[in-house]
Each structure stands twice: as C-alpha cells, then as structure tokens.
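Student: Please take a close look at one local part of this model. Start from the contacts of a single residue, and then work outward to the elements around that residue and beyond.

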Amino acid sequence: DNHTLINSTIQTVCDRLNELGVDYYLVGALSTFIGTDTPLFRYHGDIDFMVAEKDIEKVRETLQGTEYEFSDDRLSNQKRLEEGVGHTQGEHEVIANHKDNEFHLGFFLFRREQDNSLTIREYFMQENENGEKVPMVLERHCPKELVDLEYTQEETEYAGTRFRTSTPESVYAKKMSTRHPKDMLDIEALYDKIDHSKIAKMSKYHTTLKIAKP
C-alpha cells in the first residue's frame, strides 16, 4: 500500500543519507503532512528530496541494492525552459524509479553558499545556433533569510528516522500559486496548521535567476 511504501522508503533512504553525511531536505507536500502531523489522506506518487549537488554520488550509493533505480540525466534530459516561467519544466533530471511500480524519488539540486544561502540548480536543454540541444543550468539564488523561512533547521522525527524538511509555509505558498485540484485539497487540510505571517514575510524576499553553463 502507498503509505507503507512511503514510510519504508523514507526510513531506508534517510537513514542511509544521514549515515553518509548528505546535505538534504525532504520537500514537497509529503514533508508538510509529516511536519504538521497531518495524516496522509491521498495517494502520493513520489517523494521529493532537495540534495546538495556535491553529494550526488552519495545519493547513488544510498540507492544501491534498494528497489529504486537511480539515474542522473543532468546533461541529457528532456526538460525545457519557457520564457517568463522562472523554472524548468519536465521530469526530474535526477530521479530514482521504483523497479516494480510507478512510484519514484525526485531530486532537486542545490549548492549551499558560504553565507548559508542556497543556489538551486535546474538542468535543461537549449538549442544552440546550430540547432543542437545543449545542456544549460537555471540557477535560482535564495537569500539566507528566505532559506530560513523555507526550510527547517531542526530535524523532524518520522518512521524511525530523522530529516530536515521544507517548511509547511513554503509548500503552502507554492500550492497557492499552482492551484492544481490536488493542491487545493492539500491547502484545505493545511490551512489551520501554518503560520500565515511567515508567508507574508516570505513574500518580502526575492530569488534571483540566471542561466549558466553546466
């Protein structure tokens, strides 16, 4: 069953990431249900992690011998960047697919800067002047103040393991902007469990975008 798979995966994967000293967060809707003690009430098709790009090989090692197949497609993915959207679109460029079903682990990548701000790095393909597709990176820099509002410093304890997460407020704010039907259900379930003043604070800080070569 979906929730059993989620719990056993979180326990196995997070224990191993912790053991290897990986800098990571559990992010997305799931992290918020866990962080606010809201029972999981719907099907979740994946678990999202945000990991330091320097630790990618440790993530590969973490998943060896598990029921997940790890693939790193940073330099050969199908993602694209559309004008004015501000983030890439398409399947995760670093992903681990379950060997027996559709469930997967998606990885977002970041670089932690010296002042503890984060640069989130998304790889996508762009056509050059010869019409060939070449990999590029969209870098989104989040100031330290925003990082403190969007991610927890302290670890959450869940399924017999521990990990840091995205804050409920950051997930809520993202869901408010996308408004998919499942996001609307989540918003309803979480409304009373978040600090709305934190969302107002978050909106004062801005991320800066730039496109770089890999």
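**From one loop residue outward**

Tutor: Set aside the neighbours within four places in sequence, and Tyr191 is in contact with Tyr172 and His196. Keep in mind that this is a predicted model. Tyr191 sits in the loop between α6 (181–190) and α7 (196–202). Is Tyr191 buried, partly exposed or exposed? Its relative accessible area is 46%. Buried would need under 20%, and exposed over 50%. Tyr191 therefore counts as partly exposed. There is also a distance to note toward Ala212. Tyr191 and Ala212 are 21 residues apart along the chain. Their C-alpha atoms are separated by 38 Å.

Now follow Tyr172, one of the two contacts of Tyr191. Tyr172 belongs to helix α5 (residues 168–178). There it takes part in the contact of α5 with α6. Two packed helices are described by the angle between their axes and the distance between the axes. For α5 and α6 the angle is about 140°, and the axes are 9 Å apart. Why is this pair called oblique rather than roughly antiparallel? The antiparallel class begins over 145 degrees. The pair is therefore oblique. As for handedness, α5 passes α6 in a left-handed crossing.

Which residues make the contact? From α5 come Tyr172, Lys175, Met176 and Thr178. From α6 come Asp183, Asp186, Ile187 and Leu190. By class, this contact has 4 nonpolar, 1 polar and 3 charged residues.

Take Asp183 from that list. It lies in helix α6. Its relative accessible area is 5%, so Asp183 is buried. Beyond four places in sequence, Asp183 is in contact with Lys175 and Thr178. Both of these partners are on the α5 side of the helix contact.

A second helix pair can be described in the same terms. The axes of α1 (residues 2–19) and α3 (residues 56–63) come within 9 Å. They cross at roughly 135°. These helices are therefore oblique to each other too. The crossing of α1 and α3 is right-handed, whereas that of α5 and α6 is left-handed. Val13, Arg16 and Leu17 come from α1. They meet Val59, Glu61, Thr62 and Leu63 in α3. The residues of this contact divide into 4 nonpolar, 1 polar and 2 charged.

Next, the strands. Strand β2 (residues 46–52) is mostly covered, with 6 of its 7 residues buried. It has pairings with two strands described here. With β1 (residues 24–27), the sense is antiparallel, over 4 bridges. One bridge in that pairing joins Leu26 to Phe49 in β2. With β7 (residues 104–112), the sense is parallel, over 7 bridges. In that pairing, the bridge partner of Ala52 is Phe110 in β7.

Finish at another loop residue. Glu93 is placed between β5 (88–89) and β6 (94–98). Is Glu93 buried or exposed? At 4% relative accessibility, Glu93 counts as buried, whereas Tyr191, also in a loop, is partly exposed. Which residues does Glu93 touch beyond four places in sequence? Earlier in the chain, the contacts are Ser71, Asp72, Asp73, Arg74, Asn77 and Lys79. Later in the chain, they are Arg121, Glu122 and Tyr123.

Key:
Residues numbered from 1 in each chain as written. Predicted model: local features only at pLDDT ≥ 70, side-chain atom pairs only at ≥ 80, totals over all residues. Heavy atoms only, no water. Axes fitted to C-alpha atoms, helices over the stretch in contact; angles between N-to-C directions. Parallel < 35°, antiparallel > 145°, perpendicular 65-115°, else oblique. Left-handed = near helix turned anticlockwise from the far one by under 90°. Contact = heavy atoms within 4.5 Å. Nonpolar A, V, L, I, M, F, W, Y, C, P; charged D, E, K, R; others polar. Buried < 20%, exposed > 50% of the residue type's maximum accessible area, 1.4 Å probe, protein only. Pairing = 2+ DSSP bridges.
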